[in-house]
Amino acid sequence: VYMLADPGSIFLFKAGSTLIVALIQCCFVGKRFSVEQWNAMILQCIGMVIVQHNPCKSTTRYPPVVYLMMATSVVLTGLCAVRNEY
């Protein structure tokens with residue numbers, strides 16, 4: 001992943017693990033989040049999409065496989081975070 005994407009994009013996806021952790025906690029642990037917290041997480045995801053969109057080419061900055069690898073990394077990080085907390 002580190003050879004296919006720049007460090008800024010990888011860090012951006014790692015910051016998105018907040019939403020993954022919240023979804024896992026909500027679905028499997030039963031933790032509740034306020035509307036404001038959900039709104040903040042959704043805004044963060046919208047920001048990630050905006051940053052990764054290339055308006056000149058009307059496409060994403062990287063091939064889909066790169067995003068798949070980064071998403072897999074974020075999901076694994078989220079699962080580990082939930083497991084460590086509970």
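The protein chain exposes about 6,000 Å² of surface, and carbon and sulfur atoms supply 70% of that. Bear in mind as you look around that this is a predicted model. Of the chain's 86 residues, 27% count as buried. The C-alpha atoms fill a box of roughly 40 × 25 × 15 Å, taken along the principal axes.

**The overall layout**

You'll find four helices and two strands here, and reading along the sequence gives the pattern α-α-α-β-β-α. Of the contacts with a separation of 6 or more, 68% come from residues 24 or more positions apart.

**Helix 3**

Let's start with helix 3, which covers residues 35-52. Its 18 residues should span 26 Å at 1.5 Å a residue, and the end C-alpha atoms are indeed 26 Å apart, so the expected and modelled lengths agree. Which residues of helix 3 are buried? They are Met-41, Met-48 and Gln-52. Looking down the axis of helix 3, you'd see these buried residues fall within an arc of 20 degrees, so they line one face of the helix. As background, an α-helix has 3.6 residues a turn, so residues three or four places apart point the same way.

What do those buried residues pack against? The list is helix 1 (7-15), helix 2 (17-29), strand 1 (53-54), strand 2 (59-60) and helix 4 (64-85). Flip to the face of helix 3 turned away from the buried side and you meet the exposed residues Val-35, Glu-36, Leu-43 and Ile-50.

**Helix 4**

Helix 4 has 22 residues and reaches 31 Å from its first C-alpha to its last, close to the 32 Å expected at 1.5 Å a residue. Its buried residues are Val-66, Tyr-67, Met-70, Val-74, Gly-78 and Val-82. Seen down the axis of helix 4, they fall within an arc of 135 degrees, so they too line one face of their helix. Helix 1, helix 2, helix 3 and strand 2 are included in what covers these buried residues. Over on the other side of helix 4, Leu-68, Arg-83 and Asn-84 are exposed.

**Gln-25, a buried polar residue**

Now for a closer look at helix 2, where Gln-25 is found. Is Gln-25 buried or exposed? With a relative accessible area of 3%, Gln-25 is buried, because anything under 20% counts that way. Its side chain makes a polar contact of 3.0 Å with the side chain of Glu-85. Not counting residues up to four places away in sequence, Gln-25 touches Gly-30, Lys-31, Phe-33, Val-82, Glu-85 and Tyr-86. Val-82 also appears among the buried residues of helix 4.

**The two cysteines**

How many disulfides does the structure hold? Zero. Why don't Cys-26 and Cys-27 bond? The sulfur of Cys-26 is 5.4 Å from the closest cysteine sulfur, which sits in Cys-27, and that is too far for a bond. Turn it around and the story holds for Cys-27: its closest cysteine sulfur is in Cys-26, at 5.4 Å, again too far. A disulfide would need the two sulfur atoms within 2.5 Å. As for exposure, Cys-26 counts as partly exposed at 33% relative accessibility, whereas Cys-27 counts as exposed at 59%.

**Strand 2 and the loop before it**

Thr-60 is found in strand 2. Its relative accessible area of 39% makes Thr-60 partly exposed. The side chain of Thr-60 reaches the backbone oxygen of Tyr-62 at 2.9 Å. Leaving aside neighbours within four places in sequence, Thr-60 is in contact with Gln-52 and Tyr-67. Those partners tie in with the helices above: Gln-52 is one of the buried residues of helix 3, and Tyr-67 is one of those of helix 4. Thr-60 and Ile-50 are ten residues apart in sequence, with 9.5 Å between their C-alpha atoms.

In the loop between strand 1 and strand 2 you'll come across Ser-58. Phi of Ser-58 is near 55 degrees, a positive value in a residue other than glycine. At 59% relative accessibility, Ser-58 counts as exposed.

**Accessibility at a glance**

| Residue | Relative accessible area | Class |
|---|---|---|
| Gln-25 | 3% | buried |
| Cys-26 | 33% | partly exposed |
| Cys-27 | 59% | exposed |
| Ser-58 | 59% | exposed |
| Thr-60 | 39% | partly exposed |

Methods:
Residues are numbered from 1 along each chain as its sequence is written. This is a predicted model: local features need pLDDT of at least 70, side-chain atom pairs count only at pLDDT 80 or more; totals for chains, interfaces and linings use all residues. Side-chain values use heavy atoms; hydrogens and water are left out. The expected span of a helix is 1.5 Å times one less than its number of residues. Buried means under 20% relative accessible area, exposed over 50%, partly exposed in between (1.4 Å probe, protein chains only). The arc is that of the directions from the helix axis to the C-beta atoms. Contact means heavy atoms within 4.5 Å. A polar contact is a pair of N or O atoms within 3.5 Å; within protein, one must be able to donate a hydrogen and the other to accept it, and residues adjacent in sequence count only if both atoms are side-chain atoms. Accessible areas come from the Shrake-Rupley method with a 1.4 Å probe; for residues, only the protein chains shown count as cover.
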